Amino acid sequence: MSAFRTLDDLGDVQDKVALVRVDLNLPMQDGAVTDDTRIRASMPTILELADKGAKVLLLAHFGRPKGERVSTQSLSMVVGAVESVLGREVMYVPEVAGDVVKQSVGILRPGDIAILENTRFWQGEEKNDPELAKAIAANADFYVNDAFSAAHRAHATTEGLAHVLPAYAGRSMQAELDALEKALGNPTRPVAAVVGGAKVSSKLDVLKHLVTQVDHLIIGGGMANTFLAARGVNVGKSLCEHDLASTAEGILSVAESAGCTVHLPYEVVVAKEFAANPASLRTSNVHEVAEDEMILDVGPSSVEALGDVLKTCRTLVWNGPLGAFETSPFDAATVALARTAAALSREGVLTSVAGGGDTVAALNHAGVAGDFTYISTAGGAFLEWMEGRELPGVAALRQ
Ligand code: ADP
Ligand code: MG
């Protein structure tokens with residue numbers, strides 16, 4: 001983490017104005033926030049700055065208003081939820097720059113917190129317009145980025161501000177960067193990656209990067225079918241991207257020359273219809289899948305073998321469920337392997353980092369999310385990091 005300034009590098013912030021980029025792109029239903037995870041993620045940063053006497057201005061985007069004021073996407077709607085998580089009063093400011101913000105800063109006392117309006121109401125945000133960044137910066141003394149989940153975007157408040165104000169990684173950003181560094185930047189070997197999910201096409205770049213980085217690549221989910229089919233296995237009517245056969249072959253050959261062992265399931269769980277506990281459910285060798293069957297999960301013996309692979313590893317990075325885990329019993333492989341990874345992590349022999357929307361849901365479903373070393377809720381940014389890309393919001397924070 002020495003490559004980034006953190007809150008530890010801040011001097012006296014009493015009376016100083018902090019612009020803190022957070023993730024308030026919260027799931028809402030009927031005007032109410034349904035999940036406050038993202039607020040809680042930035043709570044340590046916000047309260048630390050407030051308790052040190054800074055005036056804290058929160059910056060965030062919400063939805064896709066495309067450069068216009070859209071009243072249903074105003075951040076005024078999340079003020080109540082932020083107040084109840086923080087246990088503090090929070091002021092709402094209907095602008096991000098200019099006199100209204102200036103006057104609000106004048107009213108705020110040290111330790112007070114305000115939410116500025118949805119940054120995407122201004123066209124300059126997504127264009128990363130330096131004029132917008134300068135106008136926002138004009139009312140503040142320093143910038144803290146605590147939104148790793150938005151760091152794959154080079155926008156005015158995720159990237160531009162770091163060039164016009166002293167910039168620091170917030171606590172949540174710092175934890176994420178630390179965890180990712182341990183998982184792929186400078187990992188303890190051997191390293192295993194689990195990549196699952198529906199489609200190879202959505203994670204091609206992830207696979208291409210990982211085969212050059214990890215010692216073991218475990219492929220599950222719908223994407224395993226594409227690899228199996230490329231190797232001549234009949235996958236019946238499974239979800240499969242047959243047109244990607246040669247791409248899959250290419251990835252396998254890069255893996256081989258890079259010394260990465262690729263693990264594909266040799267036993268699978270199949271059914272003729274995709275439904276909970278279907279009558280046609282059975283476990284099959286991959287070579288015995290019938291024309292009218294679908295592969296919906298990795299089979300139990302294969303999962304046990306994968307667990308043995310994890311036992312030889314010191315680091316694990318996981319994205320994508322091994323099966324159609326939302327429907328019982330096709331969650332079995334994901335749950336079993338997640339529990340093995342969790343147990344190894346608890347014993348302290350495995351550093352485990354996982355991310356991805358459905359992956360986080362699957363690990364929660366398995367009841368093991370708390371045992372992983374780090375769970376990233378960052379979605380797109382996490383995937384871009386798994387592709388080996390430097391995220392612009394992170395790069396801008398480098399010293
Ligand atoms: P994440 O959101 O963690 O990146 P993905 O969105 O790539 O993960 O993939 C998750 C989806 O993949 C889940 O909805 C799951 O049902 C689906 N899936 C996994 N295995 C299969 C399979 N064998 N057949 C069809 N869908 C599958
Ligand atoms: Mg998903």
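**Notebook: parallel sheet and two pockets**

Entry 1, the sheet. I traced an open sheet of six strands, and the order reads E11-E10-E9-E15-E16-E17, with parallel pairing. The model I am reading is a predicted one. I then asked which strands stand at the edges. They are E11 (261-263) and E17 (374-376); each has a single partner strand, so one side of each is left without a neighbour in the sheet. For the twist, I noted that neighbouring strands are turned by 15° against each other on average, with direction ignored.

Entry 2, the E17 end. I looked up how E17 is held to strand E16 (residues 351-355) and found parallel pairing over three bridges. For the register here, I noted Gly355 opposite Ser376 of E17.

Entry 3, a helix on the sheet. I checked what helix H11 (residues 300-311) touches as it packs on the sheet. The strands in question are E9 (191-195), E10 (216-219), E11 and E15 (315-319). The direction of H11 makes about 155° with that of E10.

Entry 4, strand E9. I looked at both partners of this strand. With E10, strand E9 pairs in the parallel sense over four bridges. Ala192 stands opposite His216 in E10, and Val194 stands opposite Ile218 of the same strand E10. With E15, strand E9 pairs in the parallel sense over five bridges, and there Val195 faces Asn319 as its opposite residue.

I then asked how many residues of E9 are buried. The count is five of the five, so E9 is largely enclosed by the rest of the structure. I took buried to mean under 20% relative accessible area. In a regular strand the side chains alternate between the two faces of the sheet. I therefore sorted the residues of E9 by side: Val191, Ala193 and Val195 lie on one, Ala192 and Val194 on the other, and both faces are covered.

Entry 5, strand E10. I did the same sorting for E10 and found both of its faces covered. His216 and Ile218 are buried on one side, and Leu217 and Ile219 are buried on the other.

Entry 6, the largest pocket. I read its volume as about 460 Å³. Its lining has 29 residues, and the closest to the centre are Gly197, Ala198, Gly222, Pro321 and Gly323. I asked which element gives the most to this lining. It is E14, with five residues. Helix H9 (221-230), strand E14 (294-298) and helix H13 (357-366) each supply at least two residues. By class, I noted 15 nonpolar, ten polar and four charged residues in the lining of the largest pocket.

Entry 7, the second largest pocket. I read a volume of about 360 Å³ here. Of the 20 residues in its lining, Leu180, Glu181, Trp385, Glu390 and Arg398 are the closest to the centre. I looked up where the largest share of the lining comes from. Helix H7 (residues 171-185) gives that share, six residues. The lining of the second largest pocket divides into ten nonpolar, five polar and five charged residues.

Conventions. Residues are numbered from 1 along each chain as its sequence is written. Chains are lettered from A and ligands numbered from 1 in the order in which they are written. This is a predicted model: local features need pLDDT of at least 70, side-chain atom pairs count only at pLDDT 80 or more; totals for chains, interfaces and linings use all residues. Side-chain values use heavy atoms; hydrogens and water are left out. On a 1 Å grid over the protein atoms alone, a cavity is a set of points where a 1.4 Å probe fits but cannot get out, and a pocket is an open set with protein on both sides within 12 Å along at least five of seven lines; lining residues have an atom within 4 Å of a point. Grid points are joined across faces, edges and corners, and a volume is the space filled by probe spheres set on the points. Ala, Val, Leu, Ile, Met, Phe, Trp, Tyr, Cys and Pro count as nonpolar, Asp, Glu, Lys and Arg as charged, and the others, Gly among them, as polar. Two strands pair if DSSP finds at least two bridges between them. Axes are lines fitted to C-alpha atoms, for helices over the stretch in contact, and angles run from 0 to 180 degrees between N-to-C directions. Contact means heavy atoms within 4.5 Å. Buried means under 20% relative accessible area, exposed over 50%, partly exposed in between (1.4 Å probe, protein chains only).
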